[in-house]
Amino acid sequence: MDCLFCAIIKGEIPSGKIYEDEYCYCFKDINPQAKVHALVVPKVHITSVDAIDEQSSVIISKIFEAIPKIARLLSLKDGYRVVSNIGDHGCQSVKHLHFHILGGERLSDKMA
Ligand code: AMP
Ligand code: ZN
């Protein structure tokens, strides 16, 4: 399977690492959409939010435990946004589940 984020997790493609634990890897988005833009991904390949099931939801809960730690590391004290794009209509370009963490400034009040 040819997956960009699996290659990043394995260190085959360089990335700006922010945080890592047993379950997830967090790195800087290469094309930031806000002053701070990080991506957090599960270390196991899950295609998108739409593929989460009873088994993989444990990993997702671990990611959501990591997100506040990552926010502290990034000094996002005034808040931030967590976004996950899913499929074609969601404009998901990389088919490995990822949560965008956006902040460092006041974001648009538009969600779409
Ligand atoms: P999405 O459009 O939700 O699938 O988001 C994919 C994100 O991955 C985009 O924000 C891209 O800028 C980002 N991206 C693509 N390639 C890389 C890379 N090599 N390193 C870091 N971020 C990347
Ligand atoms: Zn993958």
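Visitor: Where is the place of Ser75?

Guide: Ser75 is in the loop between H2 and S4. Before we go on, this is a predicted model, in which local features need pLDDT of at least 70, side-chain atom pairs count only at pLDDT 80 or more, and totals for chains, interfaces and linings use all residues. Residues are numbered from 1 along each chain as its sequence is written, chains are lettered from A and ligands numbered from 1 in the order in which they are written, and side-chain values use heavy atoms, with hydrogens and water left out.

Visitor: What makes a stretch a helix or a strand here?

Guide: Both are DSSP runs, numbered from the N terminus: a helix is a run of H or I with at least four residues, and a strand is a run of E with at least two. By that rule the chain has two helices and five strands. Starting at the N terminus, they come in the order α-β-β-β-α-β-β.

Visitor: Why is the chain called as compact as a globular protein of its length?

Guide: Its radius of gyration is 13 Å, close to the 13 Å that the globule rule gives for 112 residues, so the chain earns that description. The radius is taken over C-alpha atoms, and the rule is 2.2 Å times the number of residues to the power 0.38. Along the principal axes, the C-alpha atoms fill a box of roughly 35 × 30 × 25 Å.

Visitor: Back to Ser75, then. Why is Ser75 called exposed?

Guide: There are three classes, judged by relative accessible area with a 1.4 Å probe and protein chains only: buried is under 20%, exposed is over 50%, and partly exposed is in between. Ser75 has 56%, so it is exposed. Ser75 also has a phi near 60°, a positive value in a residue other than glycine.

Visitor: What sign does phi have in most residues other than glycine?

Guide: Negative, which is why a positive one is worth pointing out. Cys91 has one too, with phi near 60°.

Visitor: Where does Cys91 lie, and what makes it exposed?

Guide: Cys91 lies in the loop between S4 and S5. Its relative accessible area is 60%, so Cys91 goes into the exposed class. The C-alpha atom of Cys91 is 25 Å from that of Glu12, with their positions 79 residues apart along the chain.

Visitor: Why does Gln92 count as buried?

Guide: Its relative accessibility is 6%, so Gln92 is put in the buried class. Gln92 is in the loop between strand S4 (80–83) and strand S5 (99–103). Leaving aside neighbours within four places in sequence, its contacts (heavy atoms within 4.5 Å) are Thr47, Ser48, Asn85, Ile86, Gly87 and His98.

Visitor: What makes something a polar contact?

Guide: It takes a pair of N or O atoms within 3.5 Å; within protein, one must be able to donate a hydrogen and the other to accept it, and residues adjacent in sequence count only if both atoms are side-chain atoms. The side chain of Gln92 reaches the backbone oxygen of Thr47 at 2.9 Å.

Visitor: Why does Ser56 count as buried?

Guide: Ser56 has 10% relative accessibility, so buried it is. You'll find Ser56 in the loop between strand S3 (36–42) and helix H2 (57–73). Beyond four places in sequence, Ser56 is in contact with Ile46 and Ala51.

Visitor: What makes His45 partly exposed?

Guide: The relative accessible area of His45 is 28%, so it falls in the in-between class. His45 is in the loop between S3 and H2. A polar contact of 3.2 Å joins its side chain to that of His96. A polar atom of the His45 side chain also lies 3.4 Å from the backbone oxygen of Lys95. Those two residues, His45 and Lys95, are 50 apart along the chain, and their C-alpha atoms are separated by 9.0 Å.

Visitor: Why is Lys43 called partly exposed, and which side chain makes a polar contact with its side chain?

Guide: Lys43 is at 28% relative accessible area, so the in-between class fits. The side chain of Glu20 makes that polar contact, at 2.8 Å. The Lys43 side chain also reaches the backbone oxygen of Asp21 at 2.7 Å. Not counting residues up to four places away, Lys43 touches several others, including Ile9, Tyr23 and Cys24.

Visitor: How many of the 112 residues, as a percentage, count as buried?

Guide: In this chain, 37% do.
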